[in-house]
Amino acid sequence: MNKAKTLKRKLGNPKPFLRVAWDTKDIPNQVSINPNLKWKDINWKKVEKYVFKLQKLIYRASSRGELRKMRKYQKLLTKSYYARLLAVRRVTQDNQGKKTAGIDGIKNLPPMQRLNLVDLLKSRYLKASPTRRVWIPKPGKDEKRPLGIPTMYDRALQALVKLGIEPEWEARFESNSYGLFRWSTHDAVEAIYSSIKQRPKYVLDADISKCFDRINHDALLRKVGQTPYRRLIKQWLKSGVFDNKQFHPPLWLPSREMNRHPFTIHTNYYY
């Protein structure tokens with residue numbers, strides 16, 4: 001049984017789930033892992049408050065260099081039911097790509113299947129699936145840019161990992177970076193205005209051709225370090241892509257081969 005069929009079987013009983021949008025009503029039944037829980041009755045303010053509290057603890061531990069404590073909080077967040085709820089909500093409701101399917105063909109999850117996906121994230125026994133590559137036309141140009149679409153399960157798991165890894169790295173960023181815990185969007189706008197109001201400046205927009213096709217996986221994993229998410233990140237890096245129904249394994253070049261196959265950087269200047 002391939003990964004797509006396995007995911008469908010785990011998200012719900014095979015018969016009702018073979019039709020992806022089999023139910024659009026929030027009615028508990030035997031397919032749900034918790035028949036007494038309705039998706040619409042979840043207190044999302046409480047969920048976001050609890051997850052943000054854990055993220056704040058991760059951020060503080062990372063900024064103080066307390067790695068052991070930070071890893072402990074990250075593991076706690078990954079196992080948290082609230083964090084899994086929030087991750088599933090972001091990929092099945094908030095994300096604009098919720099109606100786009102990966103290689104598993106799953107999209108538009110109804111409420112009961114969202115709860116099943118929350119429970120499935122707890123086991124994490126499925127390996128990363130290849131992404132489905134689609135080509136998006138560039139505005140005003142004849143060329144197209146590739147876009148990788150993971151499966152719904154991988155999207156939810158990536159959102160869960162992002163909740164735990166984002167505060168860790170934000171604490172290590174430069175002082176002029178703005179994110180989850182560092183100032184706000186208005187502060188970033190004010191900083192940009194203060195730097196350009198005295199005299200005109202150029203803005204450089206760089207596009208590195210085949211960056212992720214040739215990036216060194218080992219170098220990335222060394223940068224990540226011994227994080228609880230290392231195994232998952234390694235799987236995603238090596239999962240490969242499906243393009244025109246053909247599987248393409250991930251390509252990356254060791255550092256010694258970079259000189260023979262350099263990146264191509266396309267730049268645009270804005271005045």
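Start with helix α4 and select Arg68, Lys72 and Lys79: these residues are exposed, on the other side of α4 from its buried residues. Keep in mind as you click around that this is a predicted model.

Now flip to the opposite side of α4. Select Met70, Arg71, Tyr73, Gln74, Leu77 and Thr78, and you have buried residues of this helix. Why do they belong together? They share one side of α4, because the arc they cover around the axis is only 165 degrees. The background is simple enough: an α-helix has 3.6 residues a turn, so residues three or four places apart point the same way.

What lies over that buried side? Show α3 (44-64), α5 (81-94), α7 (152-170) and α10 (217-224), which are among the elements covering the buried residues of α4.

While α4 is still selected, try a quick check with the distance tool. The helix has 13 residues, 67-79, and at 1.5 Å a residue they should span 18 Å. Its end C-alpha atoms are 18 Å apart, so expectation and model agree.

**Next stop: tryptophan 44**

Go to helix α3 and pick out tryptophan 44, which lies in that helix. Buried or exposed? Its relative accessibility is 15%, and buried means under 20%, so tryptophan 44 counts as buried.

Leave out the neighbours within four places in sequence, and tryptophan 44 is in contact with Trp39, Leu85, Leu86 and Arg89. Add tyrosine 82 to your selection as well. Along the sequence, tryptophan 44 and tyrosine 82 are 38 residues apart, yet C-alpha to C-alpha they are 9.0 Å apart in space.

**Over to helix α11**

Select residues 230-237, which form α11, and highlight Leu232, Ile233 and Trp236: they are buried. These residues sit on the same side of α11, since they cover an arc of only 100 degrees around the axis. Bring back α7 and α10, because you'll want them here too: what covers the buried residues of α11 includes both.

**Now the sheet**

Switch to a cartoon view and find the open sheet of 4 strands, with the order β2-β1-β4-β5 and mixed pairing. Which strands are at the edges? They are β2 (144-149) and β5 (246-248), each of which pairs on one side only. From one strand to the next, the twist averages 40 degrees. As a reminder, strands of a sheet pair through backbone hydrogen bonds, either parallel or antiparallel.

You can see both kinds from β1. Strand β1 (residues 131-137) runs parallel to β4 (residues 241-243), and 2 bridges join them. Toward β2, β1 runs antiparallel, with 6 bridges between the two.

Zoom in on arginine 132. On one hand it stands opposite phenylalanine 242 in β4; on the other, arginine 132 stands opposite isoleucine 149 in β2. Threonine 131 also has a counterpart in β4: valine 241.

**Three spots with positive phi**

Follow the hairpin of β1 and β2, which has 6 residues between the strands, and stop at glycine 140: its phi is positive, near 75 degrees.

Then jump to lysine 245, in the loop between β4 and β5. Lysine 245 is not a glycine, but its phi is also positive, near 65 degrees. At 82% relative accessibility, lysine 245 counts as exposed.

Last of these is asparagine 108, in the loop between α5 and α6 (111-123). Here phi is near 50 degrees, again a positive value in a residue other than glycine. With 35% relative accessibility, asparagine 108 counts as partly exposed.

**Zoom out and colour by confidence**

Show the whole protein: there are 11 helices and 6 strands. Of its 271 residues, 39% are buried. Among contacts between residues at least 6 apart in sequence, 71% join residues at least 24 apart.

Now colour by pLDDT. The average is 77, and 73% of the residues score at least 70. Which element has the lowest mean, and which the highest? Helix α2 (residues 14-17) is the lowest at 34, while α5 is the highest at 93.

Finish by selecting residues 13-33, where pLDDT stays under 50 and the model has 44 contacts beyond four places in sequence. Do likewise with residues 253-263: pLDDT is below 50 there, and the stretch has 16 contacts in the model beyond near neighbours in sequence.

How values were computed: Residues numbered from 1 in each chain as written. Predicted model: local features only at pLDDT ≥ 70, side-chain atom pairs only at ≥ 80, totals over all residues. Heavy atoms only, no water. Pairing = 2+ DSSP bridges. Axes fitted to C-alpha atoms, helices over the stretch in contact; angles between N-to-C directions. Expected span 1.5 Å × (residues − 1). Buried < 20%, exposed > 50% of the residue type's maximum accessible area, 1.4 Å probe, protein only. Arc of directions from axis to C-beta. Contact = heavy atoms within 4.5 Å. pLDDT = per-residue confidence, 0-100.
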